[in-house]
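Let's take a walk through this one together, starting from a cysteine and working outward. Have the viewer open and follow along.

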Amino acid sequence: MRIRSALVAFALSGGALFAPGFGVFATASEAFAVTKISHETATAMFLEAGITWSSSGNCTDRNNPTCTSFEQLNLESAQGALSLKQASGCAVHITGGTETGHASGTYSHWNGYKLDFGKQTCLNKYIKYTFTYIGNRSDGARLYESATGNIYADEGNHWDVLYYNCAC
């Protein structure tokens, strides 16, 4: 098993140590600051790039699980979505952001590390044929790792994406 994959598994299991605003990325000596952005900043970035989004509740309230919010999204996660759109040439549609209702943990939606993308043929093919299959998560989701270490989980009806960095 590659060292990066082992570290990903360790972090996904909740075994990583963190201080407020800083995360252990690969080793204790590689801590980095996380830049948070507002919902308005994220939506402006996504609009400019042609990325769409929706919510089942047609709302943006971070404290409502039927909404899709980008409040407190990590800048690197937003930039990762932009990079995915540009590199893949596919339509990208976000169905989940930083709103409550997702699984908890350090590398969570709530903490700004994850976005959910709607599945569609172009994006599915790009992820499956460009990134490395690294096994299944404990819930059975197939995991694909980008060259920069971001993790794409196939959750059946959407992609759950963990952005460690923007891959820019």
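Start at Cys-67, which is buried, with just 2% relative accessible area. Keep in mind that you're looking at a predicted model. What does Cys-67 pair with? Cys-67 forms a disulfide with Cys-59, and the two sulfur atoms sit 1.9 Å apart. The partner is in another setting: Cys-59 has 22% relative accessibility and so counts as partly exposed, the cut-off for buried being under 20%. Look along the S-S bond and you'll find -105 degrees, which makes the link of Cys-59 and Cys-67 left-handed.

How many disulfides are there in the model? The count comes to two. As a quick reminder, a disulfide is a covalent bond between the sulfur atoms of two cysteines. The other pair here is Cys-90 and Cys-122, with sulfur atoms 2.0 Å apart. The torsion about the S-S bond of Cys-90 and Cys-122 is about -75 degrees, so this disulfide is left-handed. Now see where the two ends sit: Cys-90 is in the loop between H3 and strand E7 (93–96), while Cys-122 belongs to helix H4, so the bond ties together parts that are 32 residues apart in sequence. Cys-90 is buried, at 2% relative accessible area, whereas Cys-122 comes out as partly exposed at 35%.

Since Cys-122 has brought us to H4, let's see what that helix packs against. Two packed helices are described by the angle between their axes and the distance between the axes. Helix H3 (residues 75–88) and helix H4 (residues 121–130) pack at about 95 degrees, with their axes 11 Å apart. Angles from 65 to 115 degrees count as roughly perpendicular, and that is therefore how H3 and H4 lie to each other. Which residues meet there? From H3 come Leu-84, Ala-87 and Ser-88, and from H4 come Cys-122, Leu-123 and Tyr-126. By type, this H3–H4 contact has five nonpolar residues, one polar and no charged ones. So Cys-122 does double duty in this picture, as a disulfide partner of Cys-90 and as a residue in the contact with H3.

Next, swing over to helix H2 (residues 39–49), where the buried residues are His-39, Ala-42, Thr-43, Met-45 and Phe-46. If you look down the axis of H2, those buried residues fall within an arc of 160 degrees, so they line one face of the helix. What do they pack against? The neighbors are strand E4 (36–37), strand E5 (52–53), strand E6 (73–74), H3, E7 and strand E8 (114–118). Turn H2 around and the face away from the buried side shows the exposed residues Glu-40, Leu-47 and Glu-48.

Just past the end of H2, check the backbone at Gly-50, which takes a positive phi of about 85 degrees. Most residues other than glycine have a negative phi. With that in mind, two spots in the loop between E5 and E6 are worth a look. One is Asn-58, which lies in that loop and has a phi near 55 degrees, a positive value in a residue other than glycine. Asn-58 is exposed, at 72% relative accessibility. The other is Gln-72, found in the loop between E5 and E6 as well, with a positive phi near 70 degrees. Is Gln-72 buried or partly exposed? With a relative accessible area of 32%, Gln-72 is partly exposed.

Terms used. Residues numbered from 1 in each chain as written. Predicted model: local features only at pLDDT ≥ 70, side-chain atom pairs only at ≥ 80, totals over all residues. Heavy atoms only, no water. Axes fitted to C-alpha atoms, helices over the stretch in contact; angles between N-to-C directions. Helix = DSSP H or I, 4+ residues; strand = E, 2+ residues; numbered from the N terminus. Parallel < 35°, antiparallel > 145°, perpendicular 65-115°, else oblique. Contact = heavy atoms within 4.5 Å. Nonpolar A, V, L, I, M, F, W, Y, C, P; charged D, E, K, R; others polar. Disulfide = S-S within 2.5 Å. Buried < 20%, exposed > 50% of the residue type's maximum accessible area, 1.4 Å probe, protein only. Arc of directions from axis to C-beta.
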